[in-house]
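Grab a pencil and work through these exercises with the structure open beside you. Try each task on your own before you read its solution.

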Amino acid sequence: MSLPLRPLLCVLLLGAGASGARASATDPLWARYQDPGLSARERLTALHEVIHGLRSSDVDSSRALAERMRAEAVVARDTLMIALAERDLGLAAILQRDNDRARLHLERALALYLSEGDSAGHRGAGATLSSLGMVHKNAGRMQEAVAAYRRSMSEHVLARDEEGTVYALNGLGRVHEIQGAYDSALVYYSAVAEVAARVALP
């Protein structure tokens, strides 16, 4: 008998198998996550991909799975994966319109990423700062939003990750648009198009 998605996720969270469950885009990722031959980092990466796949359709389940990911990453003592789980929790909070909780998780993630000091840490910090910029924008803190987006760009430059700057540039354009500075907004939106073309974004 086919199970609805939310009960199915509860079963999976309790460690039961997924036999008889409705096929979904996340099924292959669940199978990968449950593969005993994977390293801890590979399993956590697969779980993050499940969270990412569910976020827009079932934010409650994505949040629960991010909490599970964080717990497993703590056991594995994997700082980057703990940071990624905190960022996933922050993104879930953004979708749930809980700016205070989103800011808490994202600031935790940012501190962890910055503690790494390598390209992966800079890239993660850049992505996290873009999300923090969104949180500040949503709360009407436009100066803080601009500062976060600019820091995001700096972190992506340190990581040599030009693709990552697209989200910060877009955020800066949106802030200027909200403030009625349409010429400045257009400059940032044009920069988004230029970078996207260079890195062949879809």
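## A buried aspartate and its partner

**Exercise 1.** Work out whether Asp78 is buried or exposed, then find its salt-bridge partner.

*Solution.*
Step 1: Asp78 has a relative accessibility of 11%. The cut-off for buried is under 20%, so Asp78 counts as buried. Keep in mind that this is a predicted model.
Step 2: Now look for the partner. Asp78 forms a salt bridge with Arg41, and their closest N and O atoms are 2.6 Å apart.
Step 3: Where do these two sit in the chain? Arg41 is in helix 3 (residues 40-54), while Asp78 is in the loop between helix 4 (59-76) and helix 5. They are 37 residues apart, so the pair links distant parts of the chain.
Step 4: Check the other end as well. Arg41 comes out at 37% relative accessibility, so Arg41 is partly exposed.

## The overall picture

**Exercise 2.** Describe the make-up of the protein: how many helices and strands does it have, and how much of it is buried?

*Solution.*
Step 1: Count the elements. You should get ten helices and zero strands. Read along the sequence, that gives α-α-α-α-α-α-α-α-α-α.
Step 2: Turn to burial. The protein has 202 residues, and 43% of them are buried.
Step 3: Look at the outside. The accessible surface is about 10500 Å², and carbon and sulfur atoms account for 54% of it.
Step 4: Finish with contacts. Take those with a separation of 6 or more: 49% of them join residues 24 or more positions apart.

## Two more salt bridges

**Exercise 3.** The structure holds twelve salt bridges. Compare the pair Arg63 and Glu67 with the pair Arg101 and Asp98, looking at distance and burial.

*Solution.*
Step 1: Start with Arg63 and Glu67. Their closest N and O atoms are 3.7 Å apart.
Step 2: Why are these two separated by about one helical turn? Both are in helix 4, and they are four residues apart.
Step 3: Check how covered they are. Arg63 has a relative accessible area of 28%, which makes Arg63 partly exposed. Glu67 is partly exposed too, at 35% relative accessibility.
Step 4: Move on to Arg101 and Asp98. Here the closest N and O atoms are 3.2 Å apart. Arg101 is buried, with a relative accessible area of 16%, whereas Asp98 is partly exposed at 27%.
Step 5: Salt bridges can also share partners, and that is how Arg43, Arg68 and Glu72 are joined into one network.

## Charged, buried and without a salt bridge

**Exercise 4.** Explain why Arg87 and Lys137 have no salt bridge, given the distance to the nearest opposite charge.

*Solution.*
Step 1: Recall the cut-off: a salt bridge needs a nitrogen and an oxygen within 4 Å.
Step 2: Take Arg87, which lies in helix 5 (residues 79-95). Arg87 is buried, and the nearest side chain of opposite charge, Asp88, is 6.0 Å away. That is outside the cut-off, so Arg87 has no salt bridge.
Step 3: What does Arg87 touch instead? Beyond residues up to four places away in sequence, its contacts are Leu106, Ala109, Tyr113, Gly124, Ala127 and Thr128.
Step 4: Now Lys137, in helix 7. Lys137 is buried too, and Glu177, the nearest side chain of opposite charge, is 9.5 Å away. Again no salt bridge forms under the cut-off.
Step 5: Among the residues that Lys137 touches are Met142, Tyr149 and Arg174.

## A helix with plenty of cover

**Exercise 5.** Work out how helix 7 compares with its expected span, and why it is largely enclosed.

*Solution.*
Step 1: Helix 7 covers residues 119-138, which is 20 residues.
Step 2: From first C-alpha to last, helix 7 reaches 29 Å, close to the 28 Å expected at 1.5 Å a residue.
Step 3: Of its 20 residues, 14 are buried, so helix 7 is largely enclosed by the rest of the structure.
Step 4: See what comes after. Gly140 follows helix 7, and its phi is positive, near 80°.

## Far in sequence, what about space?

**Exercise 6.** Find how far apart the C-alpha atoms of Trp30 and Leu47 are.

*Solution.*
Step 1: Trp30 lies in helix 2 (residues 27-33) and is buried, with a relative accessible area of 5%.
Step 2: Trp30 and Leu47 are 17 residues apart along the chain, and their C-alpha atoms are separated by 7.3 Å.

Definitions and conventions: Residues are numbered from 1 along each chain as its sequence is written. This is a predicted model: local features need pLDDT of at least 70, side-chain atom pairs count only at pLDDT 80 or more; totals for chains, interfaces and linings use all residues. Side-chain values use heavy atoms; hydrogens and water are left out. Buried means under 20% relative accessible area, exposed over 50%, partly exposed in between (1.4 Å probe, protein chains only). Contact means heavy atoms within 4.5 Å. Accessible areas come from the Shrake-Rupley method with a 1.4 Å probe; for residues, only the protein chains shown count as cover. Lys and Arg count as positive and Asp and Glu as negative; His and the chain ends are not counted. The expected span of a helix is 1.5 Å times one less than its number of residues.
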